[in-house]
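Here's a quick tour for anyone meeting this structure for the first time. Have a look at the view below, then read on.

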Amino acid sequence: MNLRDLLINLGRLSPRRYTATKCGHRTKRTGRVSAFGRTITTKMPINENGSVDYCLDCIGKMAIRCAWCGNPIFIGKAVTIGLPADDFKVPKYAVAYKKNPPQFVGCLSWKCADVGAGRAGFWMPGKNGKGYVER
Ligand SMILES: [Zn+2]
Ligand SMILES: [Zn+2]
């Protein structure tokens, strides 16, 4: 293999970059997303324009923390919605799903503190660049 062939092959290997439709940043489709000390590898869906909606950085910024155990909840993850027990001190970072009665978004981890809550939906990118619960 000569140098020219090598460069062509490297070019094929390098992942395609997209300009995200909604946030406008350049991004790869697959990559690492970090939030709250946790990093995952994610692959974003292709939208109707043949691009992705958000860059990996913006996806990371939409991650939240579980109201019950504090673990990060990334975009695309299944979530629970639960009512806090009377003696539960709701942390500041908890994301409210409804205010009255107060319901909060939690993760679906088997070791999560919330009991009896089934999957309520998925944490997905919302219109305003923030995540929301898609049911
Ligand atoms: Zn972005
Ligand atoms: Zn949790």
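Follow the protein chain along its sequence and the pattern reads α-β-β-β-β-α-β-β-β-β-β-β-β. In this predicted model, the chain has 2 helices and 11 strands. Buried residues account for 27% of its 135 residues. If you take the contacts between residues at least 6 apart in sequence, 58% of them link residues at least 24 apart.

**The sheet**

One part to pick out is an open sheet of 5 strands, ordered S8-S9-S7-S10-S11 with antiparallel pairing. At its edges sit strand S8 (96-98) and strand S11 (131-134), each of which pairs on one side only. Going from one strand to the next, the twist averages 45 degrees. As background, strands in a sheet pair through backbone hydrogen bonds, and they can do that parallel or antiparallel. Here, S7 and strand S10 (residues 119-125) run antiparallel and are joined by 3 bridges. You can spot Thr80 standing opposite Arg119 in S10.

**The core**

Which residues touch the most other members of the largest nonpolar core? They are Ile59, Ala67, Ile73, Val79 and Val105, out of 25 residues in that core. Helix H2 (56-61), strand S7 (78-82) and strand S9 (103-107) are the elements that give two or more residues to this core. The largest share comes from S9, with 3 residues. Both domain 1 (16-61) and domain 2 (64-135) supply at least three residues each.

Val105 is a handy place to zoom in. Setting aside neighbours within four places in sequence, Val105 is in contact with Ile64, Ala67, Ile73, Val79, Ile81, Val95, Tyr97 and Val133.

**Two loop residues worth a look**

Now for a couple of backbone details. Pro101 turns up in the loop between S8 and S9, and the peptide bond leading to Pro101 from Asn100 is cis. Phe36 is in the loop between strand S3 (30-35) and strand S4 (38-43), and has a positive phi even though it is not a glycine. Here are the two angles:

| Where | Backbone angle |
|---|---|
| Asn100 to Pro101 | omega near -5 degrees |
| Phe36 | phi of about 50 degrees |

Is Phe36 buried or exposed? Neither, quite: Phe36 counts as partly exposed because it has 15 C-beta neighbours inside 10 Å, while being buried takes 20 or more and being exposed means 12 or fewer.

Definitions and conventions: Residues are numbered from 1 along each chain as its sequence is written. Chains are lettered from A and ligands numbered from 1 in the order in which they are written. This is a predicted model: local features need pLDDT of at least 70, side-chain atom pairs count only at pLDDT 80 or more; totals for chains, interfaces and linings use all residues. A nonpolar core is a set of buried Ala, Val, Leu, Ile, Met, Phe, Trp, Tyr and Cys residues joined through C-beta atoms within 7 Å. Helices (H or I, at least four residues) and strands (E, at least two) are DSSP runs, numbered from the N terminus. Domain bounds come from an automatic or database domain assignment. Two residues are in contact if their C-beta atoms, placed from the backbone, lie within 7 Å. Two strands pair if DSSP finds at least two bridges between them. Axes are lines fitted to C-alpha atoms, for helices over the stretch in contact, and angles run from 0 to 180 degrees between N-to-C directions.
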